[in-house]
Amino acid sequence: MQNISEEWRDPASRDGEGHGDGAQGKPRADAERETLMMELTRLVQKSVRESSWWERRGIDCSILTAAFISLPAGFLLLGSSQLLYFLLGLLIMGIAHAVITVKGTHLASHGALSESPAWADFWAVFFIEVCGSFSARAGVQAHVKMHHAHTNVIGLGDSSTWKIPFLPRSVYLFIAPLAVPIITPIVAIGQLKGQSPFQIVRTVLCVCLGFFSQYYLLRCVSGLSCSSALVVMLLCRAMFSLPYIHVNIFQHIGLSMFSATHRPKRIYQMTHGVLNLPRNPLLDWTFGHSLINCHVEHHLFPFLSDNMCLKVKPIVSQYLKEKKLPYLEDGYVSRLRLFFHKYQELMVFAPPITELVGIQ
Ligand SMILES: [Zn+2]
């Protein structure tokens with residue numbers, strides 16, 4: 001739980017202290033608001049302390065291990081001449097790839113897979129670079145240091161990376177995401193600019209190691225031709241691209257946006273700018289609870305594993321409701337419908353900055 005103190009030092013938490021302190025009564029109001037976050041933090045801390053290692057990390061590590069264990073079966077089935085077995089192999093590899101590259105890279109980027117900082121760094125490089133074909137340094141910077149620290153702050157963490165306003169809405173929502181496996185390593189190359197020679201060499205070697213290991217096994221174990229191996233790799237890597245992009249945009253875009261100079265306290269920022277989707281067995285396993293039905297909890301306590309986010313969900317939701325704070329939830333189809341019908345408004349024009357009267 002050493003990261004809780006870091007939470008309190010991040011810019012999102014500090015920002016509100018920098019303005020308006022001269023007004024009488026403001027310091028007391030700020031203290032009351034900090035008390036809300038501190039009180040909730042204490043409740044969550046208590047739950048974490050009372051949890052076993054199995055609950056804190058074991059369950060999520062086991063799901064990731066299961067994904068790796070399923071890979072030999074996937075490679076063998078992909079070598080079958082029977083269509084049904086081949087499709088089963090494709091499905092196994094696609095699901096395993098999603099578990100490893102979405103759930104695995106996300107937890108690794110937050111250092112949630114190990115209590116040891118050295119192991120946490122190792123897992124970040126392994127999952128993000130070897131498995132995810134992206135730069136670990138750039139991934140942590142974009143996700144943890146920008147998106148989490150500046151959630152829905154315009155120009156900083158406003159979830160704008162997947163905004164391609166010139167595309168028609170159907171292409172944007174249902175076709176362009178299929179190119180994510182191709183776009184990811186290309187973006188990774190661009191992100192190498194400014195990194196140290198050691199980091200550049202490491203990232204290039206790790207990305208190549210991940211890519212060519214899968215290619216080699218598809219050729220040698222599955223017995224596929226060069227072009228078939230590449231097509232299978234693309235299909236597996238793109239299998240969950242649509243929900244991946246959908247989840248990314250559904251949970252933030254269209255909610256309250258904040259100005260970088262007038263941002264609310266952390267608890268208000270996260271409760272107004274983050275939304276939970278309902279539980280879904282497939283996405284719970286592949287993406288993890290923190291990206292699906294516990295996204296609010298994840299933004300309030302980003303260092304928790306998926307299973308711990310699920311465990312503290314009743315504590316967090318009850319606390320926020322008691323304090324009359326929003327606890328935003330909506331269905332996947334409902335959000336998809338909203339984005340489809342209000343695409344221009346949500347994706348093309350700059351969103352309005354939310355005026356949260358009295359809490360800036
Ligand atoms: Zn995160």
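**Helix packing and two loop residues in an all-helical model**

Helix H12 covers residues 226–238. At 1.5 Å a residue, its 13 residues should span 18 Å. The C-alpha atoms at its two ends lie 19 Å apart, which agrees with that expectation. The model is predicted.

Four residues of H12 are buried: Ala 229, Val 232, Cys 236 and Arg 237. Viewed down the axis of H12, these buried residues fall within an arc of 125°, so they line one face of the helix. An α-helix has 3.6 residues a turn, so residues three or four places apart point the same way. The buried residues of H12 pack against four helices: H5 (71–78), H6, H10 (180–191) and H11 (197–220).

The wider fold is built from helices. The secondary structure comes to 19 helices and zero strands. The protein has 360 residues, and buried residues make up 37% of them. Among contacts with a separation of 6 or more, 68% join residues 24 or more positions apart.

Helix H6, one of the partners of H12, also meets helix H7. H6 spans residues 83–109, and H7 spans residues 117–131. Their axes come within 8 Å and cross at roughly 145°. The crossing of H6 and H7 is left-handed. On the H6 side, the contact is made by Ile 100, Thr 101, Gly 104, Thr 105, Ala 108 and Ser 109. On the H7 side, Trp 123, Ala 124, Phe 127, Ile 128 and Cys 131 take part. By class, the contact of H6 with H7 holds seven nonpolar and four polar residues. No charged residue contributes to this contact.

Two loop residues call for comment on their backbone angles. Most residues other than glycine have a negative phi. Ser 133 has a positive phi, near 55°. Ser 133 lies in the loop between H7 and helix H8 (136–148). A residue counts as buried if 20 or more other C-beta atoms lie within 10 Å of its own. Ser 133 has 22 such atoms within 10 Å, so Ser 133 is buried.

Lys 324 also has a positive phi, near 60°. This lysine is found in the loop between helix H17 (306–322) and helix H18 (332–341). The cut-off for an exposed residue is 12 or fewer other C-beta atoms within 10 Å. Lys 324 has 6, and is therefore exposed. Thus Ser 133 is a buried loop residue, whereas Lys 324 is an exposed one.

Conventions
Residues are numbered from 1 along each chain as its sequence is written. This is a predicted model: local features need pLDDT of at least 70, side-chain atom pairs count only at pLDDT 80 or more; totals for chains, interfaces and linings use all residues. Axes are lines fitted to C-alpha atoms, for helices over the stretch in contact, and angles run from 0 to 180 degrees between N-to-C directions. A crossing is left-handed if the near helix is turned anticlockwise from the far one by less than a right angle, and right-handed if clockwise. Two residues are in contact if their C-beta atoms, placed from the backbone, lie within 7 Å. Ala, Val, Leu, Ile, Met, Phe, Trp, Tyr, Cys and Pro count as nonpolar, Asp, Glu, Lys and Arg as charged, and the others, Gly among them, as polar. The expected span of a helix is 1.5 Å times one less than its number of residues. The arc is that of the directions from the helix axis to the C-beta atoms.
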